[in-house]
Every structure is written in structure tokens, then in C-alpha cells.
Amino acid sequence: MTEIKKGFVQLHLSVLLAGFTGLFGKLITLNEVDIVWYRMLFTSAILLVFTGLPKVSWRKFLQLSGCGALLGLHWMLFYGSIKASNVSIGVICFSLVGFFTAVCEPLILKRNFSWLELLFSLITVAGVLCIFSFDARYRYGIMIGIVSSLVCALYVIFNKQASVGVRSRDVLMSQMSGGLIAVSAIIPVYLWFFPSSQPVVVVPEGTNLWFMLCHALFCTVGMYLLQIQALKRLSAFTVNLTYNLEPCYTIVLAFLIFGEGREVNFSFYLGISLIVLSVLLQSLRAMRKSS
């Protein structure tokens, strides 16, 4: 198996695990800041037991911790979007990560814009606009989700640079442990901008505790180790745009488990079709370039 093909296998496995993230956001009845804080805490504990402390320099640790802070902020906004709307809307907004990457990556890395990448991303934007128009009740949740996708795009771009030459498990451990400290400082600012009707819980109990542990093990440790490996073989844009398939996995599950199919109409399905089209076009382009 070539390195490119191996990267695509790792990428799609991570997307499949990511498809369950939105479901946990719905199943866990805690405030979004609680979900993120405990997700990072449990993930750090799991990695500490199985991999030990990260073997990186302090400078590299601080860089990766900054990426962890962006990741934590993205998660808070992502779960906030789900709480304000529903699972389907929250994960659909995540599709805009490809668009923001196509715009931000050339600016940050000082390279030329790819007009094809922008074209594929604009197809995704058109899909999100179709979905945005279908019900005014969800527009606040959609707006939070759009900000979440911008933060996620910045995370992937900076993470691709910061993780060069570092083992995947050390990257993830540094991001989770360092990010946990950063997120603790971000939470009061986040709640000021995005106040929540749910109280902050000190300790999760019952099913919330078990859901949080599963969330950390499978949808964080497993998913991000695969994603970091894929980023070593594929471009940030390809990884971000392929993650547009995450809503497709999540929406099917949300329709089956939560019955959200009753809440959508034709414009929603049209938007989903456009998003899938953008992913297929980019995947074909990436495979032709690699061959």
C-alpha cells in the first residue's frame, strides 16, 4: 500500500469515528464547557496510562498546547451549536472547515491560492446556505457552528506545522494536557460571549460519566491518532474537506436514533447533496495528483 493510500484509509477511519462525536454531544446532557473539559481530562488520563508523558521540548509542548487550545474552543462551539439546534445542523456547519482552510491556509503559509480548492469549497458553502434557509429556529445554532468551523480550520493548519517530526501519541498528549490548562482559562470568556441555560456541573455522574469515557477513548484518542497520521501523508485541505463526510455519517445515525429526519425538508437534502459532491470532486483530484 502506498503512503497516499494508507493516508486515505487512516483519514476515512478517523472520519467514521468522528461521526459519533455529534451523537455524544446530544446524549451527554451536560453544558458544552463541561463536555470539553472532561473530554480533555479523560483523554489525557488515558494517554498518560498507555503512552506516558510526552517526549517533546518545552517549546514544542507550548506550540502543541496552543493547538490544543484551538481544538478545545472548536469543541465548545461545536457542542454549543448542537445544544442550540440539533445534531444534524451542528455537524453540517462543520462542512465549512474546507472553505475556511482554502482561504486561511494560503494566507498563513504564504502560498498561492488554489482556485480549484476555492471552487470545491464554494460548492460546500452553497450546500450550507440551502440548509441555513430551511428553518429560522436554528439560525443561532448555525452561526455558532460557522465560528466553530473557522476555529477548526485554524487548528488543522497550525497542527500540521507543529506536529512535524513528533510522534502521534506525543502530539495528542501535549495537545490534550496543555489544551486542558488553556481551556480552563478560556471557559469564563466563552460563557460571557455564549451564555448557556445549563448550569456548569462539577462532577459528571451516571450515564453521563460512561458516555464521557467512551467519547474520550474512541472519538478522541482513536480518532485523533488516525487524523494526525493522515496529516503526515495528505494536505490539510484534503483532510479538512474529507471531514465534510462526517455530517453524512452523523446525520444517518441521528435520523435513526433521535428521529431528526422529521425536522428537515427538500432544501436540507439539496444542501447535503452539494456537500457530498464537493468531497467527491476533491477526492478524485487528490488521487489523480498522487498517481
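This tour walks through one predicted protein chain, from the overall fold to two helix pairs and one histidine.

**Before you start**

In this predicted model, local features need pLDDT of at least 70 and side-chain atom pairs count only at pLDDT 80 or more, while totals for chains, interfaces and linings use all residues. Residues are numbered from 1 along each chain as its sequence is written, and side-chain values use heavy atoms, with hydrogens and water left out.

**Select the whole chain**

Show it as a cartoon. The chain has 13 helices and 0 strands. Helices (H or I, at least four residues) and strands (E, at least two) are DSSP runs, numbered from the N terminus. The radius of gyration, taken over C-alpha atoms, is 18 Å. The globule rule (2.2 Å times the number of residues to the power 0.38) gives 19 Å for 291 residues, so the chain is as compact as a globular protein of that length. Along its principal axes, the C-alpha trace spans about 45 × 45 × 35 Å.

Now switch on the surface. Of the 291 residues, 54% count as buried, meaning under 20% relative accessible area with a 1.4 Å probe, protein chains only.

**Select residues 139-162 and 206-231**

These are helices α8 and α10. Two packed helices are described by the angle between their axes and the distance between the axes. Here the axes come within 10 Å and cross at roughly 65 degrees. Axes are lines fitted to C-alpha atoms, for helices over the stretch in contact, and angles run from 0 to 180 degrees between N-to-C directions. The crossing is right-handed: the near helix is turned clockwise from the far one by less than a right angle.

Show the side chains next. Y155, V156, N159 and K160 of α8 meet Y224, Q227, I228 and L231 of α10. Contact means heavy atoms within 4.5 Å. By class, these residues are 5 nonpolar, 2 polar and 1 charged.

**Stay on α10 and select H215**

H215 lies in helix α10. Is H215 buried or exposed? H215 is buried, with a relative accessible area of 0%. Leaving aside neighbours within four places in sequence, its contacts include T21, F24, I28 and Y79.

**Select residues 3-18 and 246-258**

These are helices α1 and α12. Their axes come within 8 Å and cross at roughly 35 degrees. This crossing is right-handed. V15, L16 and A18 of α1 touch E246, Y249 and T250 of α12.

Key
Ala, Val, Leu, Ile, Met, Phe, Trp, Tyr, Cys and Pro count as nonpolar, Asp, Glu, Lys and Arg as charged, and the others, Gly among them, as polar. Buried means under 20% relative accessible area, exposed over 50%, partly exposed in between (1.4 Å probe, protein chains only).
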